Every structure is written in structure tokens, then in C-alpha cells.
Amino acid sequence: MSKYSSENITLMQYIFIISGTQVGIGVLTLPGTLAEKAGTDGWLSIIIGWLFSVLVSIVIIQIMKKHPQCTIFDISRKYLGKWLGRAVSLSWVLYSFFAVVTLILTAIFIIQVWILPETNSSSLLLIFIVPIYIITKGGLKVIGRFSEFVFFATMWMPILLTIPVQNGHLLNLLPVIKEGWWPILSAVQATFLSFLGFELAFVLYPFLENKKSAIKGIFIANSITLLVYIHITIISYVYFSPDEIKQYIWATLNLIKPIQLPFLERFEIIFLSFYLFVISDTIIPYLFTAVLGVNHITGIKGYRIPLILFIVMLMLITNILPITYEQVMQLGEWWGYIGLILAFLFPIIFWIYTGLYDRLLRRPKS
Amino acid sequence: MKKVMVLISIFILGMSTACAEDKIYLEETSLTLAIGLDLDDNNNLIVYQTNPVFSEEATKKVDIKSAYNVQTLRQAREIFNAMSNGNVVGGKVQVFLFSKRFLQEENPVKYLDTFLRDPKNAVNVVMAVVDGSVSEVLNAKLEDKPRIAVYLNNLIERTHRTESTVRTELDDFYRKIYDKGVTPYMSEIKMGETEILVTGCALLNDNGTYAISLNKQETSFLLLLQQDVDEPVPITFNINKGNGNNGTISATLDNISYKIVTDYIEDKFYFDFQIEADAVLSERNYFTNTEEKLNQLAEVIELRLKHECEDLVKEIQEYEIDPTGLGLYARAYKYDKWKNAKNNWGETFANAEVTVTPKIEIKSFGVIK
Amino acid sequence: MRFLKSLVRGNKSYKSGEQAKEVLEHCVSTNLSNNLMTIKHLFTEMPDLVIRNFTISQTSEQAALVYIDGLIDKVSINEHILHPLLHEYRSNQTSSHPLVAIGSTRSTCSWLEIEDALFLGYSALFINGRSECILCDSQGWPQRALEEPQTESTLKGAHQGFIETAKQNIALIRRYIPNRELKIKELKVGKRGKTQISILYLADVVNPEVLREMINRINDIRVDAIINTGEIEELIEDNSFSIFPQLLVTERPDAVASHILQGRIALVVDASPGVLIGPMTFTSFFQTVDDYSTRWIVASTLRLLRFLGLFIAIFLPSLYIAVITFHYEVIPLQLLLTLGQSRAIVPFPPIIEALMMEIFLEMLREAGLRLPAPVGQAVGIVGGIVIGQAAVQAGLVSNIMVIVVSMTAIASFIIPNYDMSTSIRLLRFPMMVLAALFGMVGIVVGTMTVVGHLLSLESLKTPYGTPIGPVNFADHKDTFIRFPMWKLDRRPYSAKPKQLTRFNWDKDSGE
């Protein structure tokens with residue numbers, strides 16, 4: 001019995017936590033970002049990005065497999081010693097918290113731009129933090145349930161997003177690979193940010209009930225994310241003309257705006273409000289990771305104290321940082337770079353290191 | 001207890017920090033329903049707007065205002081704001097009216113920027129050209145009709161469904177402005193003696209300025225070429241039967257399927273519209289004695305359809321515009337050639353060879369021989 | 001001096017609590033008059049205590065029958081205890097047991113037990129020379145006839161409800177489950193009241209951990225007395241700060257039986273017609289017994305209707321406020337113009353208008369509840385006219401608001417469980433405030449908070465949100481829609497039963 005077994009999550013919860021973490025603000029911006037770099041071939045970049053994230057995910061599981069009862073915080077101490085291990089743990093905590101800050105500020109900014117331009121950001125943060133606190137406090141069990149709920153409760157969103165297709169032109173997608181492979185490859189890096197979230201397997205693995213299915217699970221999670229992104233990207237490209245989409249920052253919202261049903265109009269307001277579910281589903285696992293890391297580094301028991309600490313920090317940050325377009329984009333970019341290092345490069349390097357470490361350590365023994 | 005205290009304090013904090021700025025009580029708004037852009041005699045911009053009046057004490061149900069000496073819609077809004085008893089908001093605009101003269105002189109895109117930029121503004125706005133003055137249409141005394149903006153929106157919707165005009169909403173308009181392979185167009189209306197008439201559609205240049213107008217018949221063929229038709233499509237032709245015998249036949253087209261062949265031969269784009277459809281004869285006002293002649297009917301319709309459509313395309317080509325969206329096909333199937341031509345597609349399209357080959361099968365002649 | 005002291009302490013049953021305790025620890029003495037003395041000292045100032053001295057005709061022993069008047073059945077005391085003892089004579093008397101024509105008797109020598117038994121309606125027979133007392137079950141007190149419970153009436157199910165006697169109630173349940181695996185565990189709760197609590201469960205189905213949790217929690221109760229089931233509910237539920245009921249209180253024996261069969265635990269509280277059932281899930285509060293006796297398509301539709309009612313009851317007023325205050329854009333123009341015209345006459349902001357009407361509605365409902373039926377009707381009419389007509393004509397509220405309020409009321413009445421329905425009705429007030437402050441964003445954040453709270457709730461340590469979160473596909477056969485009976489071959493996973501399959505259970509029973 002490990003210390004994490006009291007909060008076991010099922011395979012389904014594991015899948016939905018990971019894919020829930022991956023699908024976030026990317027859905028709103030990805031079509032526009034990709035169109036800028038790769039035109040209407042952007043959807044091919046997503047597939048390549050998915051390939052990378054699946055590969056790295058498998059590497060992560062390979063690392064975790066050796067110590068099925070440990071999170072990255074335990075493992076890094078095991079392999080890197082007390083101080084270096086702590087440094088790695090701390091960097092993970094900072095990374096996760098940085099993700100939380102970026103996501104919350106971006107969410108608030110988008111809400112302010114699209115729905116409530118005059119409401120100040122600290123009061124938005126204040127109400128937004130209440131559900132996040134309640135769910136994160138419940139630990140991974142509740143987070144898993146919330147992810148399941150969000151997955152099934154947002155099933156109407158892809159259906160809504162499909163409605164604009166009838167006014168679009170499939171011709172916009174043709175020809176496939178119009179400018180060769182280079183623009184497509186150059187856009188792959190932009191998709192990495194959208195796939196970030198699989199790295200939480202570093203933390204989720206010891207909680208998983210059925211550890212044999214970990215690879216299958218993370219593959220399915222990545223694939224759900226891939227489907228979501230491909231769906232929204234292709235629909236955006238079909239609906240908007242190739243040059244028009246570059247005009248929009250949040251192309252997905254512009255896509256929804258003209259939808260009219262006999263009883264409701266202006267779906268971007270409803271969609272974006274409900275999208276807070278999806279965004280909080282991204283924020284909460286990261287916040288939990290940060291809390292778990294703080295527990296591990298400082299030895300504090302229970303989630304409440306670190307959680308309150310983080311929330312106070314968040315409030316300070318929103319009060320100090322002006323939430324502007326520049327700021328939010330800058331944060332997103334930084335997060336992308338840090339994510340590239342910690343989520344994509346770190347697992348591979350660490351995997352090689354642990355492989356060598358185990359081999360060198362075992363040889364003198366045998 | 002501690003929990004409850006924390007919750008209460010959070011709630012109070014939330015109450016106190018929440019700004020009331022975003023609140024727009026519905027009854028205190030002045031919903032702009034129609035916006036009209038026109039030029040006065042000195043080519044100065046005039047902006048019109050109509051908004052409903054909610055108050056029971058007011059006798060007038062619709063309020064029409066105009067703003068002179070403004071450069072943009074935002075400026076006009078400030079003026080309207082100063083005149084209204086509520087906040088002027090653009091979230092429910094139904095129609096945009098441009099006078100033909102305005103479109104001839106000005107590029108409408110730059111005036112519409114606020115509707116793209118400010119997410120609060122509506123994009124489901126029907127766009128129409130007024131042949132004449134905008135204020136005439138907005139001030140039309142239509143006793144038996146609902147509010148003018150709602151009426152115009154419905155009117156264009158209905159006539160679009162009977163293939164007599166196009167329906168361009170603001171977001172379509174932007175798509176076409178930014179798409180190099182297609183030029184924008186909008187409905188055209190006119191103030192008649194007592195009624196507002198839909199006369200067809202106005203085709204615009206790539207930058208949104210006025211090019212030509214099409215009448216209702218031509219519009220229906222344009223819609224056919226744009227593959228934007230609600231089946232069944234009614235068509236009517238005059239048939240010259242020789243011997244000075246003129247007749248009219250009407251038919252409805254059904255199960256229409258398109259195939260567009262795109263090619264590039266000898267520095268020229270080549271498009272072939274292959275339209276297959278079933279036809280049902282609905283009216284014939286001349287007599288033929290043999291059934292054999294009826295069987296030729298399919299050929300007659302095919303021929304007339306081909307002529308009408310090809311004439312229409314020729315007319316369009318003269319103005320170097322492409323409302324049919326053939327540029328999309330050029331881009332999709334001949335991307336290399338398109339890349340060179342995309343920045344002056346209108347010119348390239350003018351030189352293109354467009355043929356229409358309809359294939360009609362008569363499904364029935366109705367219930368009488 | 002002693003006399004003075006006793007005057008000061010006059011009303012106490014014994015000289016001091018400690019002394020009484022000391023006496024209670026003793027055994028019954030062989031001397032009858034000593035025993036009667038003890039009784040008199042224990043139960044002072046209790047005029048309903050009856051002590052009947054007599055001589056047993058057969059053995060000529062001195063005896064006394066002690067009971068509390070009102071808790072016993074006079075017929076059984078007179079005909080079945082006193083009569084045989086006084087008059088009957090049997091020749092071959094070998095056993096020392098006296099002749100009593102009562103089914104359940106037991107002998108005891110503990111004063112503690114005698115005291116408890118007397119308060120439960122037993123009669124105690126003391127015989128001179130014996131150091132024991134015979135307790136005869138002569139219970140009998142005024143009882144209500146079996147009626148259909150008012151809050152849970154049904155169209156097609158049984159028309160019986162629980163009454164205030166635990167024994168009867170258990171019998172009613174047993175009529176549905178005549179199975180020896182239906183076990184009953186008896187516990188006593190309350191320092192003073194010593195309320196009898198019977199825990200009913202199917203031993204081979206129920207999850208032992210859940211059962212242990214339930215028993216532990218009941219044993220942990222520190223309270224004077226339990227008057228009603230609702231008190232127990234609040235004392236043992238997982239989170240008493242939650243707005244949602246985590247255990248079900250029902251007055252229907254068929255509902256209890258069906259829950260026990262699903263692997264849940266029922267708690268019968270003596271002197272209370274409500275039976276407590278746990279562990280529960282959120283969605284099971286939206287099911288009724290009728291669901292299983294109507295055709296499954298109809299039942300499924302009705303269930304979906306209830307969930308729709310849930311959403312309307314929580315969100316409709318807040319959506320109205322959000323739309324009028326923030327997002328006029330989302331409403332189609334025609335409706336918007338109607339809304340605007342009806343709002344134009346109202347001098348208050350929408351939140352005030354809505355709060356006014358909703359609070360008034362709640363008052364009306366509460367007023368009608370406690371009043372006798374004819375007066376209640378009058379209240380309904382007055383309220384209806386005031387809400388419906390006069391308020392609109394006076395320009396205090398808009399037409400649309402009246403419609404919204406009525407729709408909300410109807411939607412909240414469709415929820416079959418009274419506790420849940422009240423909770424849902426309460427929830428819409430914070431939602432309205434959030435909507436007035438932040439519009440749609442406020443509503444969604446409020447929903448997220450409620451959902452997060454629901455998902456983190458547990459009922460007897462089993463997740464409250466099953467089968468929504470954690471998702472369980474098998475349970476969805478009987479959640480939002482009800483599959484045909486033969487499809488429901490598994491007990492709901494939410495109660496974590498030991499034995500999952502419902503029929504063919506000899507194949508894998510004792511799994």
C-alpha cells in the first residue's frame with residue numbers, strides 16, 4: 001500500500017484528466033495560430049504534434065513503470081539525490097503554477113474581451129477561484145470525477161461547432177500540402193503548447209488503479225485531444241476563407257458567433273461562459289500538481305495550506321500584473337517554451353539518465 | 001463555522017468589488033436595428049439608425065435618427081447616444097443599408113470595422129444596397145408591416161428563398177472581402193410607390209465598391225451558379241418557336257448536382273459547370289400537338305439554361321469580378337497557377353473560359369398531357 | 001434535615017443520580033416487598049406507574065405486576081396475565097414458570113433491563129422468593145392506522161405508509177423481503193431517550209464496510225434523545241454543511257424494500273414514521289417507486305422531465321436576470337422586443353424584481369403548507385391573484401417575470417423528494433445573485449461550484465455523484481432513463497454491493 005492508494009483513480013478518470021488538461025485555451029486560438037504559419041494545412045501539423053506527444057508520453061510511462069508507487073517528486077529524489085531532486089521538484093512546482101497563472105489570466109482576459117469588458121479582473125478571479133478551490137481540495141478523486149463530468153457535460157460543444165460547416169466550403173482545404181512540408185513542420189512547434197498536459201502522467205501514474213493500461217490510457221487521452229483539435233481546426237478552415245482566419249485572434253469564437261437557433265443567438269457568449277468548465281479542467285490538474293509538489297518538498301500534510309498559499313499568490317499576481325493582450329500572449333509564449341523543456345525534453349533526458357543509472361548501479365551489485 | 005465565515009466574506013468581497021459597469025438593463029438600451037449609410041449632395045457621410053421604443057408613454061414605436069458630419073460609425077454612435085434616452089447598442093442590428101451612390105464613392109469595409117472589432121456588435125446583419133436614398137426606405141410608411149428593420153430582414157430572407165435575391169450577412173461579407181477567389185455581393189432594394197421592392201442583387205468589386213446590378217432573373221441564375229439554391233428551383237423561359245409563335249414555359253429543377261471541371265490551358269483558366277437536374281414542368285402556355293415535341297423539352301431547357309448562365313458570366317467578366325466563387329476552384333485544383341493570379345484574380349477571371357453544360361431530365365409533365 | 005433535602009431535590013426520582021445508578025446495578029432481590037420498595041424509589045412521582053399486588057392461585061405465592069399505564073395493552077394485562085395467574089389452576093405443575101398467556105416473556109434479574117423494559121411497554125412480574133423478574137411483552141399504545149404518506153403519494157404502487165411503531169414498520173418491510181438474509185441490528189441512541197434504532201440490510205448483498213461505517217456513526221452519536229428520523233440523518237451524514245440531502249428519508253415500505261434489495265441499508269427509528277436509507281446518490285433522489293410500475297418508456301420520459309425540472313428550477317430566474325441585465329444579445333429579436341416592452345414599466349432592476357417575486361412565492365408555499373386545507377386554499381387564491389394580476393397591473397413586476405416565477409415553481413414541484421426539492425429551490429437564490437453580478441459567467445461559475453461540491457460529497461463514504469462522476473455506465477441503465485426490468489440485472493454499483501447480480505444469483509452468490 002503506497003501513500004497514494006487512498007486516492008485511486010480509474011482508467012477513465014486518468015484518460016479524462018489528461019485529455020481535459022490538454023484541451024484548454026488552445027481550442028480558441030489554435031486554428032488562427034496554425035493558419036498563420038501553415039495556411040489551411042495546419043491540421044496536418046496537429047497530427048505531427050500528436051505523434052510527438054504520444055512518443056514522449058510513452059517515455060514518461062516507461063520512467064514511471066520502474067517505480068509504480070512514486071510520483072516525479074519521489075523519483076527525482078531517488079535518482080538525483082536530495083538537493084538536485086528537490087530542485088527538479090521545485091521546477092515542476094513552479095512550472096505547474098506558472099501554467100495555472102497563465103491559464104487563469106488568459107481566461108479572465110478572454111472573458112473581459114468577449115463578455116464582461118468592464119468587470120475588473122480581481123473580482124472575476126475571486127469567483128472563479130471558488131470552484132477551483134473546492135475541487136482541488138478534494139484531491140485527485142474529485143478531480144477525476146470532475147474531469148469525467150466535464151467531458152460528458154461538454155459533449156454538445158463539438159456538435160455546436162459543427163453547425164457552421166453548412167455555410168462553409170470544403171474547397172478551402174484543398175489542395176492539401178499546398179506549399180510543401182516546410183510550413184507544416186514549422187507550425188508543429190505551435191501545437192506543442194496545445195498538447196501540454198500529458199506530462200501530468202508523471203504525477204497521475206501512482207494514483208492509477210490499473211497500471212497496465214497506463215500506455216493505452218495516455219494514448220487514448222492524446223488521441224481525444226487530437227480529435228478535438230482536428231475537428232475545430234478543419235471546421236474553422238472550411239468556414240473561414242484562408243486569409244480571413246488570420247485576422248482573428250480567437251477564431252473559434254468568431255466561428256460560433258453567427259450561429260442562430262430559433263430560441264437562442266450569439267452562441268459565443270454561452271459557449272465561452274460554459275468553456276470555463278473546460279478551462280478550469282485544465283487549471284485544476286496543474287494546481288493539484290503544484291500542491292502535491294509543495295507537500296512533497298516541505299512535508300506539509302493535506303492540500304489545504306498549499307492551496308490557500310497559491311490562491312493568495314494568484315490574487316497578488318492579478319493585482320500586480322496588468323492583464324493586457326501583450327501580457328497574456330507573452331505568458332502563453334513563455335509557458336510554451338518552458339513546457340517544451342519540461343514536458344518534451346526533460347522526460348527524454350531523464351529517461352536516458354535513469355536507464356544509465358540503473359544499469360551502472362546494478363552492474364557492480366551483480 | 002469557519003467555512004461559512006470564509007464563504008460569506010468572499011461573497012461580500014465579491015459583491016463589493018463587482019463592477020456595475022457591465023450592466024445594461026434591457027429597458028434602458030436603445031437597440032439599433034437598422035443602420036443606413038448615405039452621402040449627401042456634398043458627398044458627406046450621413047448615418048441613419050432606427051431603434052424601437054420600449055416605453056409605454058411614448059407614442060412612437062420606432063425612432064429614426066440621422067447623424068451628419070461624421071467620419072465613422074463609432075462617431076455616429078456617440079451622436080446617437082447624445083440623442084437617445086438609452087445606451088445605443090449594436091448587438092441586435094438586423095440590416096445594413098448602403099445607398100448605391102455611397103458604394104460607388106466609398107469603400108464600405110473601413111466603415112464596418114467596428115462591427116468586426118467590437119465583439120458586442122452583431123454579425124448576423126443582412127446587407128443591402130438601396131437604389132435611391134436610404135432615408136426614403138427607412139422612413140417608408142408601411143402601415144401593415146412590422147418594424148422596418150425586421151421587415152427588411154424578413155423580406156430579403158423570403159425573396160432569397162424564392163431565388164430572387166442573394167442574402168449576404170456581415171460575416172459572409174467579410175469572408176468574401178478577405179477571400180481573393182470571390183467578390184462580394186448584396187441584395188438590392190428600392191423604394192417603390194408604396195412598397196419596398198427587392199430588385200435583385202448588386203455585385204461589388206473585390207474591395208467592396210459597387211460594380212453592377214442584376215435583376216431578379218439574373219440573380220436566380222447567379223444563385224444557381226453559386227450552388228446556393230433551395231430546391232426546387234423555379235425557372236421560366238420565353239421560347240421562340242418560329243413562325244412568330246412565342247411561348248413561355250416554366251419548370252422547377254430538383255435534385256440538382258454540380259460538377260465543376262477546372263483546367264488551365266494556354267495561359268487561361270477553363271471552367272465547366274456541369275449541372276445535372278430533374279425538371280418538373282409546371283406551366284406551358286402554348287400548344288403542341290405531338291408528344292414528340294414534349295420530349296424535346298429537356299433539350300430546350302438545357303439550351304436556354306446554358307445561354308442564360310453563360311451570358312450572365314460574360315456580363316460579370318466584363319467587370320472583372322467573380323461572385324460565382326470560381327476562384328475557390330482555381331485555388332483548390334490549380335494551386336500553382338492560382339498563386340500567380342490570386343492578387344488580381346478578377347482580371348484573370350475575366351480572361352477565363354467559362355462554359356455551362358446543364359443536363360436536364362424531365363421527371364414529369366404534371367398531371368395533364 | 002433529610003426531609004428538607006428531599007424537598008429541595010423533590011422532583012428527582014431518587015435521592016441522587018449516583019444512588020439510582022447504584023441501585024440499578026444491583027440484582028433483583030428475593031424479597032417482594034424489597035423489590036417493590038426499590039421500584040417505588042426509582043419511579044417517584046409517576047402516577048402512571050401501576051403496581052398490582054396479588055397472590056398466584058396455583059402456588060399461593062405473593063406476586064406483583066408492575067407496568068406503566070398507557071404503554072400497555074389493557075386486554076393482554078387483564079386477560080392474559082392477571083386472569084390466568086389469579087384463577088387458573090393446573091394439576092401437573094412442574095415448571096417453576098408461572099402461567100402467563102403471553103407470547104414473549106423473558107426473565108431477568110437486572111434492574112437496568114427492567115427499567116428499560118417498563119418504558120417500552122413491558123409489564124414486570126415479581127414473585128416473592130424469586131430473585132428474578134419476568135418481563136411480559138404487553139406493549140400496546142395508541143397507534144395510527146396505516147395510511148398513504150402525504151408527501152410521497154403514488155398512483156400505482158402500494159398505498160401503505162409507515163407508522164410510529166418500529167415493530168410494525170419492520171414487519172411492513174419484511175412483507176416485501178421474506179428472506180432470512182434480511183438482518184436486523186438493534187441499537188439504542190440517546191442518553192435519556194434511548195431510542196431504538198433498527199438497521200435493516202441484506203447480509204449477503206450489503207457492503208460490510210458501508211455497514212460498519214453506518215454502525216460506527218450511530219454508535220458515535222452523543223445526544224439526549226432522538227425525536228425524529230431527520231435528527232439522526234443530520235447526526236450521521238457525511239457533510240452537514242452541504243445543501244444536499246445525503247441520506248433518504250421515506251415513509252414508504254415498498255421504497256425501503258427496493259432500496260434494501262439494491263444493497264442499501266435502512267434505518268428504522270422507533271416512534272418516527274420516517275425510515276432512513278443510505279448510502280444514496282444525487283440522481284436517486286429523482287426516482288420514485290412509480291417508475292418501476294409504469295411502462296419503461298413512459299417512466300424514462302418522466303425521469304428526463306424531472307431532470308429538466310431540476311435545471312429550470314435552478315437556472316430559469318437567474319438566466320432571466322442575466323439576459324435582461326447583461327446579455328440581451330442572446331435572445332432573438334422578436335422575443336427581445338416583447339421582453340423590453342414588458343420590462344419598460346417596471347421601476348426596479350431585474351434582480352430586485354426577481355428576488356421579490358421568488359421570496360413571495362416561497363412564503364406563499366410555506367404559508368399554505370401549515371394551514372388547514374380550507375384556509376390554505378384561500379391563501380393560494382389570494383397569492384395567485386396578487387402575483388398573477390395585480391402586481392403586473394400595478395407595474396411592480398413584468399409579465400415575463402410572473403411566467404418565469406410560475407415555471408420555476410412548477411419545475412421545482414416536479415422533483416419527487418421533498419428534501420431535494422427544497423434544496424434545489426434554495427439553490428436558485430445564490431444563482432440569481434451571481435447572475436445579477438456577473439451574468440452568464442456568474443451562472444456558470446455558480447454551477448461549477450455546485451457541481452464541484454456535488455462531486456466531492458460522499459454518502460457513507462461512497463461517492464454521491466455516481467454515476468455521473470465517477471462515471472459508471474452500468475448504473476446509467478437506471479438513472480436518467482430506466483431500461484426494461486429484465487435489463488436491470490445488476491444492482492446499482494453506487495451502493496457498492498457485495499453481490500452485484502440481481503438474479504441467477506445462485507451462480508455467483510457469495511462472490
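# Exercises on chains B and C

The axes of α15(C) and helix α16 (residues 440-456) of chain C come within 7 Å, crossing at roughly 145 degrees. Keep in mind that this is a predicted model. Let's work through it, starting with that helix pair.

## Exercise 1: a helix pair in chain C

Work out which hand the crossing of α15(C) and α16(C) has, and which residues make the contact.

Solution.

- Step 1. Look at how the helices pass each other: α15(C) goes by α16(C) in a right-handed crossing.
- Step 2. Pick out the α15(C) side. The residues there are Leu427(C), Pro430(C), Met431(C), Leu434(C), Ala435(C), Leu437(C) and Phe438(C).
- Step 3. Now the α16(C) side, where they meet Val441(C), Gly442(C), Ile443(C), Val445(C), Gly446(C) and Val450(C).
- Step 4. Sort the contact by class: you get 11 nonpolar and 2 polar residues, with no charged ones.

## Exercise 2: the domains of chain C

Find where chain C divides into domains, and describe how domain 2 of chain C touches domain 3 of chain C.

Solution.

- Step 1. Mark the bounds: domain 1 covers 2-136, domain 2 covers 166-282 and domain 3 covers 292-456 of chain C.
- Step 2. Place domains 2 and 3 of chain C relative to each other; their C-alpha centres are 34 Å apart.
- Step 3. Count the contact. Domain 2 of chain C gives 6 residues and domain 3 of chain C gives 7.
- Step 4. Check the classes on the domain 2 side that touches domain 3 of chain C: 5 nonpolar, 1 polar and no charged residues.

## Exercise 3: the sheet β1-β2-β4-β5-β3

Trace the open sheet of chain C that has the order β1-β2-β4-β5-β3, and say which helices pack on the sheet.

Solution.

- Step 1. Follow the strands. There are 5, with antiparallel pairing, and the sheet is open.
- Step 2. Find the edges, where a strand pairs on one side only: these are β1 (49-55) and β3 (105-108) of chain C.
- Step 3. Look at the turn between neighbouring strands, which averages 25 degrees with direction ignored.
- Step 4. Zoom in on β3(C). This strand pairs with β5 (residues 133-136) of chain C in the antiparallel sense over 4 bridges. Here Thr105(C) sits opposite Cys136(C) in β5(C).
- Step 5. Add helix α3 (residues 32-42) of chain C, which packs on the sheet and touches β1, β2 (62-68) and β4 (123-127) of chain C. Its direction makes about 15 degrees with that of β2(C).
- Step 6. Add helix α5 (residues 111-119) of chain C, which also packs on the sheet, touching β2, β3, β4 and β5 of chain C. For α5(C), the angle with the direction of β2(C) is about 55 degrees.

## Exercise 4: the sheet β6-β7-β9-β10-β8

Do the same for the open sheet of chain C in the order β6-β7-β9-β10-β8.

Solution.

- Step 1. Follow the 5 strands; the pairing is antiparallel.
- Step 2. Spot the edge strands, β6 (182-189) and β8 (248-250) of chain C. From one strand to the next, the twist averages 25 degrees.
- Step 3. Take β8(C), which 3 bridges join to β10 (residues 275-278) of chain C, running antiparallel. Val249(C) has Leu276(C) in β10(C) as its bridge partner.
- Step 4. Bring in helix α8 (residues 229-236) of chain C. This helix packs on the sheet and touches β8, β9 (265-269) and β10 of chain C, at about 25 degrees to the direction of β10(C).
- Step 5. Finish with helix α9 (residues 253-261) of chain C, which packs on the sheet against β7 (195-202), β8, β9 and β10 of chain C. The direction of α9(C) makes about 50 degrees with that of β7(C).

## Exercise 5: where chain C touches chain B

Describe the side of chain C that touches chain B, and name the element that gives the largest share.

Solution.

- Step 1. Count both sides: 18 residues of chain C are in contact with 19 residues of chain B.
- Step 2. List the elements of chain C that give two or more residues: α10 (296-325), α11 (333-344) and α15 (418-438).
- Step 3. Find the largest share. That is α11(C), with 8 residues.
- Step 4. Sort the chain C side by class, which gives 13 nonpolar, 3 polar and 2 charged residues.

## Exercise 6: confidence in chain B

Decide which element of chain B has the lowest mean pLDDT.

Solution.

- Step 1. Start with the whole chain: the mean pLDDT of chain B is 83, and 89% of its residues reach 70 or more.
- Step 2. Compare the elements. Helix α1 (residues 2-17) of chain B has the lowest mean, 61, while strand β7 (residues 126-131) of chain B has the highest, 92.
- Step 3. Apply the usual caution: where pLDDT is low, don't read the predicted coordinates in detail.

Methods:
Residues numbered from 1 in each chain as written. Chains lettered and ligands numbered in written order. Predicted model: local features only at pLDDT ≥ 70, side-chain atom pairs only at ≥ 80, totals over all residues. Contact = placed C-beta atoms within 7 Å. Nonpolar A, V, L, I, M, F, W, Y, C, P; charged D, E, K, R; others polar. Domains from an automatic or database assignment. pLDDT = per-residue confidence, 0-100. Axes fitted to C-alpha atoms, helices over the stretch in contact; angles between N-to-C directions. Left-handed = near helix turned anticlockwise from the far one by under 90°. Pairing = 2+ DSSP bridges.
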